[in-house]
Amino acid sequence: MLIIAGTLHLDPADREQYLAAVADVARLARSAPGCLDFVQSADPIEPDRINIYERWESDADLHHFRDGGGPDPQTPPIRSADVGKYRIAGIESP
């Protein structure tokens with residue numbers, strides 16, 4: 001299992017425009033084979049921050065979705081990004 005997680009930072013005035021532009025991407029991802037979760041959301045504390053969280057069954061599923069030729073949303077500029085891919089070896093109850 002893979003988790004893609006992190007943050008994007010952009011001008012606070014552009015945050016809602018960014019989220020509206022990528023709303024269809026989340027709907028498409030969640031219906032894609034191997035997607036267990038996908039969300040890009042406004043951070044409740046920092047007005048310039050968007051939280052990224054994706055969970056995929058495999059690299060193949062992730063790449064199939066990303067290479068699938070879906071919509072290329074027109075988003076406002078991202079000032080910085082800190083997003084990583086995490087490989088999960090096991091799952092436990094919290």
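In the predicted model, one aromatic cluster is formed by Phe38, Trp56 and Phe65. Two aromatic pairs are counted in total. In one of them, phenylalanine 38 and phenylalanine 65 meet edge-to-face, with 6.3 Å from centre to centre and 65° between the planes. This pair links distant parts of the chain, since phenylalanine 38 belongs to strand 2 and phenylalanine 65 to helix 2, 27 residues apart. The two rings differ in burial: phenylalanine 38 counts as buried because its relative accessibility is 3%, under the 20% limit, whereas phenylalanine 65, at 21%, counts as partly exposed. Leaving aside neighbours within four places in sequence, phenylalanine 38 is in contact with Val25, Ala26, Ala29, Arg30, Tyr53, Glu54, Trp56 and Phe65.

Phenylalanine 38 and tryptophan 56 are also members of the largest nonpolar core, which has ten residues. The other members are Leu2, Ile4, Val25, Ala26, Ala29, Ala32, Cys35 and Leu62. At least two residues of this core come from each of strand 1, helix 1 and strand 2. The greatest contribution is that of helix 1, with three residues. Apart from this core lies another, of seven residues, including Leu10, Tyr18, Leu19 and Ile52. In soluble globular proteins, nonpolar side chains tend to be buried together.

The strands are arranged as follows. An open sheet is formed by four strands in the order 2-3-1-4, with antiparallel pairing. Strand 2 (35-42) and strand 4 (80-87) are the edge strands, each pairing on one side only. From one strand to the next, the twist averages 5°.

Strand 1 (residues 2-9) runs antiparallel to strand 3 (residues 49-56), and eight bridges join the two. Within this pairing, leucine 2 stands opposite tryptophan 56, and alanine 5 stands opposite tyrosine 53. Strand 1 is also joined to strand 4 by eight bridges, again in the antiparallel sense. Here isoleucine 3 stands opposite tyrosine 86 of strand 4.

Strand 1 is largely enclosed by the rest of the structure, because eight of its eight residues are buried. Leu2, Ile4, Gly6 and Leu8 point one way from strand 1, while Ile3, Ala5, Thr7 and His9 point the other way. Both sets are buried. Of the residues pointing the first way, Leu2 and Ile4 are members of the ten-residue core.

Strand 2 and strand 3 pair in the antiparallel sense over seven bridges. A hairpin of six residues joins strand 2 to strand 3. Cysteine 35 has tryptophan 56 of strand 3 as its bridge partner, and both residues are in the ten-residue core.

Asparagine 51 is located in strand 3. This residue counts as buried because its relative accessibility is 18%, under the limit of 20%. The side chains of asparagine 51 and aspartate 43 are joined by a polar contact of 3.1 Å. Not counting residues up to four places away in sequence, asparagine 51 touches Gly6, Thr7, Val39, Gln40, Ser41, Ala42 and Asp43. Among these, Gly6 and Thr7 are residues of strand 1 that point in opposite ways, and both are buried.

Two helices are placed against the strands. Helix 1 (residues 15-31) lies across strand 1, strand 2 and strand 3, and runs at about 170° to strand 2. Helix 2 (residues 59-66) packs on the sheet and touches strand 1, strand 2, strand 3 and strand 4. The direction of helix 2 makes about 125° with that of strand 3. Phenylalanine 65, the partner of phenylalanine 38 in the edge-to-face pair, is in helix 2.

Terms used: Residues are numbered from 1 along each chain as its sequence is written. This is a predicted model: local features need pLDDT of at least 70, side-chain atom pairs count only at pLDDT 80 or more; totals for chains, interfaces and linings use all residues. Side-chain values use heavy atoms; hydrogens and water are left out. Two strands pair if DSSP finds at least two bridges between them. Axes are lines fitted to C-alpha atoms, for helices over the stretch in contact, and angles run from 0 to 180 degrees between N-to-C directions. Contact means heavy atoms within 4.5 Å. A nonpolar core is a set of buried Ala, Val, Leu, Ile, Met, Phe, Trp, Tyr and Cys residues joined through side-chain atoms within 4.5 Å. Buried means under 20% relative accessible area, exposed over 50%, partly exposed in between (1.4 Å probe, protein chains only). A polar contact is a pair of N or O atoms within 3.5 Å; within protein, one must be able to donate a hydrogen and the other to accept it, and residues adjacent in sequence count only if both atoms are side-chain atoms. Rings of Phe, Tyr and Trp (its six-membered ring) pair if their centres lie within 6.5 Å; planes under 30 degrees apart count as stacked, over 60 as edge-to-face and the rest as tilted.
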